[in-house]
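Subject: Structure handover

Dear colleague,

Please find the structure below, with the sequence. My notes on what was found follow it.

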Amino acid sequence: MKNNRRDFLKKSGLAGLGLMGAGLSGSNKENTPFKLNNRNSFNMHGYKAPKIDTVGVAIIGLGNRGTGTTRRLASIEGVEIKALCDLEPDRVERGKEILETTHHRPDGYSGGEDEWKKVCERDDIDLVAIVTPWHLHTVQCVYAMENGKHAYTELPAANTIDECWELVETSERTKMHCVQMSSSCHGGRQAALLNMVRNGVFGELIHAEGAYVHDLLNDYNFTKHMYHNMWRLNENIGRHGSLYPQHGFIPISQMMDLNYGDTVEHLVSVSSNDFMMGETAKKLAAEDSYWEQYVGKDYRGNMNVTTMKTAKGKTIVIQHDVTSPRPRPQQPLLSGTEGFYANGRFATDHRRYYTDEEFQELVDQYTPEITKVFNEAVQQARNTERAGHSYFNVTATDWRLIDSLRNGLPVEIDVYDAALSSAITPLSEWSVANRFNSVRVPDFTSGAWKTNQRGMDVNLENGGGTTGIL
Ligand SMILES: NC(=O)c1ccc[n+]([C@@H]2O[C@H](COP(=O)([O-])OP(=O)(O)OC[C@H]3O[C@@H](n4cnc5c(N)ncnc54)[C@H](O)[C@@H]3O)[C@@H](O)[C@H]2O)c1
């Protein structure tokens, strides 16, 4: 009997693959439940869209975040906000009021589920900023691109792998950019860390960790009227995975040159049970019957840990925790052959961390040109007294997007970055649902990552940096 089994393994060629003793239940089998690649119709990475001197902007969704988006974009030179759209008329009015002391005079659109389509159809708009609930992002991005507009969407850009592919295919076909508004390495400490990685301060980067740790339990998800139709709490029901990986992942992907030099090949994801959301619903329902509809639901496991491996053999861990009282960690954690960084501290030797002064010297030395130019633009705005100015709200990433469009430069978080980072959620949900098995990650560049030029021109070697802040 024993010999027969050995013969079978020999004949089938499995003996050499180390499966003896491991059973034949597929320990070497790859899980590929989703479409892995495509034939790219055009490569949007590095694509220089025609220059736009004055960028006509429309903003769709004027809730918590969209109000801030309005302020931020209104304070960048070369932007003209032409349209504001929300289902709720009072939000559009509030948006207009915010802009009253500026030169922007947008038209308002409200009252219907599909009013946003009219905004996308206008011919004086170049960039549509999408700040609506998650389920609307892809459909709105696609419609904007189909109507000849660049799309700038809040995260996640897509919710399913099919939506990720739809974004990639639409962007390639229309040659319109699809940019995701995530954290990025354009400003502050993250930009200096990226430049340190590029200059070999970490040696070879081997491993990185990022997270979305933000206690949204009581003051956000379980607060009536915080979000449109309670969309955010509803997203936490019946979904088990890494629901918001972009803030942690995108800076790491920029440091690891993902989509332009390396790519993520596999992912595995584990979720804890829910210990908090169900209990919160019960407690609230005891006082207020409104919350009874939220009792007994299948809430997202409170902690999700998703681990990935890249084609070049590097590892990435992304955590998601929006319920525990855990303070936010400083991002990211970076571990290389010669350096280590975590929680604001740097080391090149396991016995001691650099002092704060020593590390600050490194940060100063490696702060890239893009951050310096951005900081100068903010400083100049601070020195200029103007009514309604909001320079302090502008992020380096917003500023760089407008600067890139005005200078005809490639955007620095392109459709492939939006797709890869958004794909983490459905892939992690698949892994959690399949007993934490690994899953193959689609290659949205369809192989172009091997030859794509490095993105993130943080030293402005290809130009730009000419846009001011108001
Ligand atoms: N990048 C960040 O740091 C950051 C921070 C906060 C929120 N966000 C993201 O911003 C997005 C919006 O979050 P929020 O907190 O502002 O939510 P919100 O519920 O406060 O705002 C959503 C707005 O969209 C409007 N809306 C809904 N359906 C619409 C439709 N069909 N047409 C036009 N308007 C419609 C709602 O009326 C509401 O005003 C989410 O994707 C969220 O994840 C990102």
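Which residue takes a positive phi just after helix 15? It is arginine 435, with a phi of about 50 degrees. Helices (H or I, at least four residues) and strands (E, at least two) are DSSP runs, numbered from the N terminus.

Two points on the source. This is a predicted model, in which local features need pLDDT of at least 70 and side-chain atom pairs count only at pLDDT 80 or more, while totals for chains, interfaces and linings use all residues. Residues are numbered from 1 along each chain as its sequence is written.

Helix 15 covers residues 415-433, 19 residues in total. From first C-alpha to last it reaches 27 Å, close to the expected 27 Å (1.5 Å times one less than the number of residues). There is a kink of about 30 degrees at isoleucine 424, shortly before proline 426; the bend is the angle between axes fitted to the seven residues ending at a residue and the seven starting there. Of the 19 residues of helix 15, 17 are buried. A residue is buried if 20 or more other C-beta atoms lie within 10 Å of its own, exposed if 12 or fewer, and partly exposed in between, with C-beta atoms placed from the backbone.

Helix 5 (residues 137-146) has eight of its ten residues buried, so the rest of the structure largely encloses it. Among the buried residues of helix 5 are His137, Cys141 and Met145. Their cover includes strand 1 (55-60), helix 4 (115-121) and helix 6 (161-174); contact means C-beta atoms, placed from the backbone, within 7 Å. Glycine 148 follows helix 5 and has a positive phi, near 75 degrees.

On the ligand: 25 residues surround it, and Gly61, Gly63, Arg65, Glu154 and His228 come nearest (a residue counts as near if its C-beta atom, placed from the backbone, lies within 6 Å). Helix 2 (64-74) and strand 2 (79-86) each supply at least two residues of this shell, and helix 2 gives the most, with three.

For the whole chain, there are 15 helices and 14 strands. The radius of gyration is 24 Å, close to the 23 Å that the globule rule gives for 470 residues, so the chain is as compact as a globular protein of that length (taken over C-alpha atoms; the rule is 2.2 Å times the number of residues to the power 0.38). Buried residues make up 45% of the 470.

Regards

Key: Two residues are in contact if their C-beta atoms, placed from the backbone, lie within 7 Å.
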